[in-house]
Amino acid sequence: MSESVINVSELTRRFGAKTALDSVSLVLPRGAVYGLVGANGAGKTTLIKHILGLLRTESGSVRVFGLDPVTDPVGVLSRIGYLSEENDLPGWMRVDELIRYSRAFYPAWDDGYAEELRRTFDLGPATKIKNLSKGQRARAGLLIALAYRPELLVLDEPSSGLDPIVRRDILGAVLRTIAGEGRTVLFSSHLLEEVEQVADHVTMIGEGRIALSAPLDDIKATHRSLDAAFLAHVGMPVASAPDP
Ligand code: ATP
């Protein structure tokens with residue numbers, strides 16, 4: 001169970017003069033919920049894009065399930081569920097059509113679980129995607145990302161699309177179930193409260209550098225609050241960090 005799912009070593013990424021990731025090293029063992037927290041522009045999405053193999057490593061290395069996601073995209077992506085802030089779903093499809101369409105791509109698709117999630121997320125089967133609210137669309141995206149029971153679930157800023165109830169109650173329950181089954185969740189957020197609610201382990205990132213990566217309980221035991229820990233280690237409060 002201690003086998004690492006994600007292993008990033010000395011990863012540096014520059015965009016022109018901007019260093020988006022500065023010698024980032026991170027090992028995430030299987031079976032926990034990892035919160036990656038940092039202000040806008042801290043480097044969260046850039047790190048996630050490397051994990052998904054969407055960016056080629058310039059310096060350092062990235063391994064997911066022991067594989068290079070750039071040279072083995074099928075081997076890696078077939079085992080990952082991914083939900084991003086953008087969450088592009090075809091607006092003309094109905095919810096039931098989206099489910100039928102998506103299941104064709106994944107041999108491990110679990111019909112019973114998809115139906116359970118559809119009910120939990122309160123998504124009407126005949127509703128067109130374009131008529132769903134932003135929060136409902138995020139729920140539909142989450143359903144698709146979960147229903148083939150991926151070994152690794154990656155959520156990039158899920159709070160941007162999810163309404164507060166889904167975020168707190170449903171997302172928390174779903175993520176804990178996934179981790180309990182020995183699967184792994186990595187989610188990014190700029191909200192410390194959100195990370196505190198669902199993560200077992202917190203990684204704080206500021207200006208492309210990992211400032212602290214530790215179990216949530218350890219951080220709480222050694223700091224007054226998560227905000228205080230962020231301020232102490234990243235050197236600025238998460239909310240007032242500069243926008244990119
Ligand atoms: P947000 O919460 O706003 O999404 P983030 O923590 O995900 O922020 P990144 O999107 O990883 O941050 O961006 C890190 C830095 O790299 C920012 O300064 C951003 O402007 C820059 N950056 C990211 N992608 C590119 C790109 N394709 N071209 C130029 N600069 C980029």
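In the predicted model, K44 and E157 are both buried. The two residues form a salt bridge in which the closest N and O atoms are 3.7 Å apart. This pair links distant parts of the chain, since K44 belongs to helix α1 (residues 44–51) and E157 to the loop between β6 and α6 (164–180), a separation of 113 residues. Altogether, the structure holds 14 salt bridges.

A further salt bridge brings together the side chains of R30 and E151, with an N to O distance of 3.4 Å. R30 is located in the loop between β2 and β3, and E151 in the loop between α5 (134–146) and β6 (152–156), so the contact ties together parts that are 121 residues apart in sequence. R30 has a relative accessible area of 17% and is therefore buried, the limit being under 20%. E151, at 23% relative accessibility, counts as partly exposed. The side chains of K220 and E196 also meet in a salt bridge, at 3.9 Å from N to O. K220 lies in helix α8 and E196 in helix α7, so this pair connects parts 24 residues apart in sequence. K220 is partly exposed at 41% relative accessibility, and E196 is likewise partly exposed, with a value of 32%. In addition, D110, R149, E181 and R183 are joined into one network by salt bridges that share partners.

The domain assignment divides the protein chain into domain 1 (1–79 + 154–170 + 182–206) and domain 2 (87–150). The C-alpha centres of the two domains lie 23 Å apart. Ten residues of domain 1 are in contact with ten residues of domain 2, and the area buried between the domains is about 870 Å², 61% of which is given by carbon and sulfur atoms. On the side of domain 1 that touches domain 2, four residues are nonpolar, three are polar and three are charged. Zero salt bridges are found across this interface, whereas one residue pair is in polar contact there.

Several buried positions in strands were examined individually. L28, in strand β2 (residues 18–29), has a relative accessible area of 2% and is buried. The C-alpha atoms of L28 and I6 are separated by 5.1 Å, although the residues are 22 apart along the chain. Beyond its neighbours within four places in sequence, L28 contacts S4, V5, I6, Y34 and L186. S189 occupies strand β7 (residues 184–189) and is buried at 0% relative accessibility. The S189 side chain reaches the backbone nitrogen of L191 at 2.8 Å and makes a polar contact of 2.7 Å with the side chain of E194. T203, in strand β8 (residues 201–206), is buried as well, with a relative accessible area of 3%. A polar contact of 2.8 Å connects the side chains of T203 and S213. Outside its neighbours within four places in sequence, the contacts of T203 are L26, G35, L36, V37, I210, L212 and S213.

Helix α9 (residues 226–234) contains the buried residues L226, A228, A229, F230 and V234. The elements covering these residues include β3 (33–37), α7 (192–198), β8, β9 (209–215) and α8 (216–222). At the start of α9, a side-chain oxygen of S225 comes to within 3.4 Å of the backbone nitrogen of D227. Just after the helix, G235 adopts a positive phi of about 90 degrees.

Notes:
Residues are numbered from 1 along each chain as its sequence is written. This is a predicted model: local features need pLDDT of at least 70, side-chain atom pairs count only at pLDDT 80 or more; totals for chains, interfaces and linings use all residues. Side-chain values use heavy atoms; hydrogens and water are left out. Domain bounds come from an automatic or database domain assignment. Contact means heavy atoms within 4.5 Å. Buried area is the accessible area (1.4 Å probe) that two parts lose on being put together, summed over both. A salt bridge is a side-chain nitrogen of Lys or Arg within 4 Å of a carboxyl oxygen of Asp or Glu. A polar contact is a pair of N or O atoms within 3.5 Å; within protein, one must be able to donate a hydrogen and the other to accept it, and residues adjacent in sequence count only if both atoms are side-chain atoms. Ala, Val, Leu, Ile, Met, Phe, Trp, Tyr, Cys and Pro count as nonpolar, Asp, Glu, Lys and Arg as charged, and the others, Gly among them, as polar. Helices (H or I, at least four residues) and strands (E, at least two) are DSSP runs, numbered from the N terminus. Buried means under 20% relative accessible area, exposed over 50%, partly exposed in between (1.4 Å probe, protein chains only).
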